[in-house]
Amino acid sequence: MKHDMLGIILAGGQGTRLGKLTKSTAKPAVPFGGRYRIIDFTLSNCANSGIDTVGVITQYKPLELNAHIGNGASWGLNEQNGGVTVLQPYSASDGEKWFKGTAHAIYQNIEYIDRMNPTYVLILSGDHIYKMDYEAMLAYHQAKKASLTVGVIPVTNEEAKRFGIMNTDETERIIQFEEKPEQPKSNLASMGIYIFNWATLKKYLQDSYATDGSLEDFGHNVIPAYLEHNEAVFAYAFDGYWRDVGTIYSLWQSNMEFLSPNSTLNIGDRNWRIYSKALALPPMLLTESAKVKNSMIVDGCYVAGTVTHSILSQNVKVGENSVVKDSMVMPNAVIGKDVVIDHALIGERAIIGDGARVVGSNEEIAVAGYREVLGGEQHEKE
């Protein structure tokens with residue numbers, strides 16, 4: 001079956017900058033916003049954009065991610081001639097197994113992509129929080145007669161030093177790419193979202209791996225190669241909410257922004273829903289001693305303490321006289337009595353014992369890792 005555009009989500013990142021939160025799971029599977037996981041946003045964007053066939057490339061500790069995605073039914077991506085396919089590393093005839101970079105991961109899955117027979121391939125990251133219409137980006141790509149279109153977002157000059165920066169001419173054509181420049185020439189940062197003409201990309205990758213194998217990564221290798229060969233490479237500017245949640249602070253910040261009723265992410269938009277795997281859980285229970293203000297508390301939670309400007313994910317327990325403030329607590333965490341949690345991220349199934357303190361600040365967020373057990377000793381980030 002011929003597909004106009006195939007979606008490929010790169011979801012194999014270890015997420016080392018998230019430390020204890022990704023010790024046992026891939027970054028795209030990290031919980032977010034109470035009832036979601038990070039990858040839900042990219043999968044939902046595909047579903048809402050009418051992309052019915054998606055390959056999800058995994059690598060690092062994929063078990064939880066695989067279980068979460070399943071057959072894609074939660075996102076309406078369980079079509080007979082398409083749907084979601086989880087693509088994991090395997091030993092090829094040349095003996096290579098692990099993906100060396102983003103472009104190498106695509107090369108290793110050429111057989112799958114060819115089977116889907118797409119005209120265009122949409123390359124996405126599984127670890128960003130945003131809502132975006134990929135169909136509009138494809139229309140732009142076609143109108144520009146592009147070989148490659150790169151999604152970009154304006155950032156400050158200081159932020160530009162952390163991103164790949166696209167320098168363009170007056171027609172939005174990219175004329176130069178700079179990786180994390182000290183003196184950026186523009187403020188257009190790559191979002192890690194690409195639309196390629198598949199036949200062209202396939203040829204570049206096959207030629208590379210038949211010779212020196214130099215095209216390992218899209219940012220470092222493929223985009224410069226396209227520019228060097230004068231391919232038509234254009235920048236597609238995005239002006240909505242977008243966050244790279246690859247660090248502890250950015251993950252915490254984006255969760256706190258999620259609480260705002262004025263957030264431009266607008267999670268309540270019925271015309272662009274964010275879907276996730278549904279769990280059959282009882283309603284939350286707030287005891288007589290519970291005090292809740294400006295917080296999200298989802299199914300299965302039990303609260304006997306005080307929760308202020310925080311997110312409690314599924315099945316979180318908060319004991320008597322405990323205070324949770326400016327924090328995000330991930331599913332199945334248990335918080336005992338007389339606990340103080342402030343400016344913190346509490347990992348899945350963490351146990352915070354009676355009297356413990358997990359306290360951070362605006363400069364440094366405190367973290368309890370996946371299944372971590374913290375007793376009565378101090379756990380503060382000053």
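**Exercise 1. The second largest pocket**

Task: Determine how much space lies in the second largest pocket of this predicted model, and which residues and elements line it.

Solution.
Step 1. The second largest pocket holds about 360 Å³ of space.
Step 2. Of the 18 residues in its lining, Arg37, Glu64, His68, Leu279 and Glu348 are the closest to the centre.
Step 3. Two or more lining residues are given by each of β3 (36-37) and α2 (63-69). The largest share comes from α2, with 3 residues.
Step 4. Sorted by class, the lining of the second largest pocket comprises 7 nonpolar, 5 polar and 6 charged residues.

**Exercise 2. The largest pocket**

Task: State the volume of the largest pocket, and describe its lining by position and by class.

Solution.
Step 1. The volume of the largest pocket is about 1500 Å³.
Step 2. The lining consists of 48 residues, of which Arg17, Ser125, Asp127, His128 and Asp244 are the closest to the centre of the pocket.
Step 3. Strand β11 (residues 188-197) gives the most to this lining, namely 4 residues.
Step 4. The class count for the largest pocket is 18 nonpolar, 19 polar and 11 charged residues.

**Exercise 3. The enclosed space**

Task: Establish how many cavities of 30 Å³ or more the whole structure has, and identify the residues that line the largest cavity.

Solution.
Step 1. The general principle is that a probe the size of a water molecule, rolled over the atoms, shows where empty space is left.
Step 2. The search of the whole structure yields 1 cavity of 30 Å³ or more. The volume of the largest cavity is about 40 Å³.
Step 3. Its lining is formed by Leu21, Thr25, Val30, Pro31, Met330, Gly347, Glu348 and Tyr370. By class, these are 5 nonpolar, 2 polar and 1 charged.
Step 4. Glu348 belongs to the lining of the largest cavity, and Glu348 is also among the residues closest to the centre of the second largest pocket.

**Exercise 4. The parallel sheet**

Task: Give the strand order of the open sheet of 5 strands, and explain why β16 and β28 each have one side without a neighbour in the sheet.

Solution.
Step 1. The order is β16-β19-β22-β25-β28, and the pairing is parallel.
Step 2. β16 (296-297) and β28 (366-368) stand at the edges; each has a single partner strand, so one side of each lacks a neighbour in the sheet.
Step 3. Within the sheet, β19 (residues 311-312) and β22 (residues 328-329) are joined in the parallel sense by 2 bridges. There, Leu312 stands opposite Val329 in β22.
Step 4. Helix α9 (residues 248-258) lies across β16, β19, β22, β25 (344-346) and β28, and runs at about 95° to β25.

**Exercise 5. Two helices in contact**

Task: Classify the relative orientation of α7 and α8, and name the residues through which they meet.

Solution.
Step 1. The axes of α7 (residues 198-209) and α8 (residues 218-228) come within 12 Å and cross at roughly 110°.
Step 2. Angles of 65 to 115 degrees count as roughly perpendicular; α7 and α8 are therefore roughly perpendicular to each other.
Step 3. From α7, Thr200, Leu201 and Tyr204 meet Phe218, Val222, Ala225 and Tyr226 of α8. This contact has 6 nonpolar residues, 1 polar residue and no charged residues.

**Exercise 6. A hairpin**

Task: Describe how β9 and β10 pair, and state which residue of their hairpin takes a positive phi.

Solution.
Step 1. Strands β9 (residues 164-168) and β10 (residues 174-179) run antiparallel and are joined by 5 bridges.
Step 2. Ile165 stands opposite Glu178 in β10.
Step 3. The hairpin has 5 residues between the strands, and Glu172 takes a positive phi near 75°.

Notes: Residues are numbered from 1 along each chain as its sequence is written. This is a predicted model: local features need pLDDT of at least 70, side-chain atom pairs count only at pLDDT 80 or more; totals for chains, interfaces and linings use all residues. Side-chain values use heavy atoms; hydrogens and water are left out. Two strands pair if DSSP finds at least two bridges between them. Contact means heavy atoms within 4.5 Å. Axes are lines fitted to C-alpha atoms, for helices over the stretch in contact, and angles run from 0 to 180 degrees between N-to-C directions. Angles under 35 degrees count as roughly parallel, over 145 as roughly antiparallel, 65 to 115 as roughly perpendicular and the rest as oblique. Ala, Val, Leu, Ile, Met, Phe, Trp, Tyr, Cys and Pro count as nonpolar, Asp, Glu, Lys and Arg as charged, and the others, Gly among them, as polar. On a 1 Å grid over the protein atoms alone, a cavity is a set of points where a 1.4 Å probe fits but cannot get out, and a pocket is an open set with protein on both sides within 12 Å along at least five of seven lines; lining residues have an atom within 4 Å of a point. Grid points are joined across faces, edges and corners, and a volume is the space filled by probe spheres set on the points.
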